[in-house]
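Got the viewer open? Let's take a walk through this one together, a selection at a time.

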Amino acid sequence: GRPNVAARMSLGSAMIGVVSAAIGGIWGVGGAAIGFVARGLVTIPLGMRTTRRLIGPPLARQLRSLAAFLVPSIVMYIVVRAILTITPASPTEAWFLLGLSVAAGAALYAILVRFVVSRVAPEAYEPILAVSPARLRAYL
């Protein structure tokens with residue numbers, strides 16, 4: 001399609017990400033995470049507007065595609081928070097526990113996307129198939 005538009009959007013997102021992480025970083029890791037979320041709140045609507053302008057999918061279709069991934073995201077967050085809350089860890093074990101909980105959350109997210117999103121919102125799952133290597137598609 002339009003590599004110049006994609007390049008500009010990526011560059012703009014990166015610049016906004018650096019600025020928001022730097023500003024949020026003043027308050028530590030939590031602030032940087034909030035900055036990352038703020039970057040998404042700015043760049044996602046701009047990306048949706050650009051997509052509508054270039055190829056014309058209706059806003060409702062775009063929102064349905066985003067909503068399809070909201071449920072796996074919420075479930076992943078709950079699982080990660082539950083693991084971190086339930087499991088006591090000493091400061092030396094905290095990094096291991098964090099890595100383990102993030103890996104468990106990512107695995108659960110992938111499973112939910114594969115088996116729930118692919119069936120509930122196949123139009124949202126389609127781009128994943130489109131960019132996957134042919135030999136991997138049989139498993140997706």
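Start by selecting Arg 52. With a relative accessibility of 31%, this residue counts as partly exposed, because the partly exposed class runs between 20% and 50%. Keep in mind as you look around that you have a predicted model on screen, not an experimental one.

Now widen the selection to the helix around it. Arg 52 sits in helix α2, which covers residues 29-55. Next, add Arg 2, Arg 8, Arg 49 and Arg 53 to Arg 52, and colour the five of them: together they form a positive surface patch. Which helix gives the most to that patch? It's helix α2, with three residues.

Time to zoom out. Show the whole protein as a cartoon and you'll find seven helices and zero strands. Follow the chain from the N terminus and the elements simply read α-α-α-α-α-α-α. If you want a feel for the dimensions, the C-alpha trace spans about 50 × 40 × 30 Å along its principal axes.

Switch on a surface for a moment. The protein exposes about 9900 Å², and 74% of that comes from carbon and sulfur atoms. How many of the 140 residues count as buried? The share is 21%. As for contacts between residues with a separation of 6 or more, 46% of them join residues 24 or more positions apart.

Back to single residues. Select helix α4, residues 70-86, and pick out Leu 84 in it. Leu 84 has a relative accessible area of 28%, so it is partly exposed. Show its surroundings: leaving aside residues up to four places away in sequence, Leu 84 touches Leu 97, Leu 98 and Ser 101. Try the distance tool here too, from the C-alpha of Leu 84 to the C-alpha of Val 102: the two are 9.7 Å apart in space, and 18 residues apart in sequence.

For the last stop, select helix α5, residues 91-120, and look for Ser 118. Is Ser 118 buried or exposed? Its relative accessible area is 14%, and buried means under 20%, so Ser 118 is buried. What does Ser 118 touch, once you set aside residues up to four places away in sequence? Select Val 113 and Tyr 125 and you have the answer.

To finish, put Arg 52 and Ser 118 on screen together: the tour began at a partly exposed residue and ends at a buried one.

Conventions: Residues are numbered from 1 along each chain as its sequence is written. This is a predicted model: local features need pLDDT of at least 70, side-chain atom pairs count only at pLDDT 80 or more; totals for chains, interfaces and linings use all residues. Side-chain values use heavy atoms; hydrogens and water are left out. Patches are made of residues with over 30% relative accessible area and no salt bridge: like charges are joined within 9 Å, nonpolar side chains (Val, Leu, Ile, Met, Phe, Trp, Tyr) within 5 Å. Accessible areas come from the Shrake-Rupley method with a 1.4 Å probe; for residues, only the protein chains shown count as cover. A salt bridge is a side-chain nitrogen of Lys or Arg within 4 Å of a carboxyl oxygen of Asp or Glu. Lys and Arg count as positive and Asp and Glu as negative; His and the chain ends are not counted. The place of a charge is taken as NZ of Lys, CZ of Arg, CG of Asp or CD of Glu. Helices (H or I, at least four residues) and strands (E, at least two) are DSSP runs, numbered from the N terminus. Buried means under 20% relative accessible area, exposed over 50%, partly exposed in between (1.4 Å probe, protein chains only). Contact means heavy atoms within 4.5 Å.
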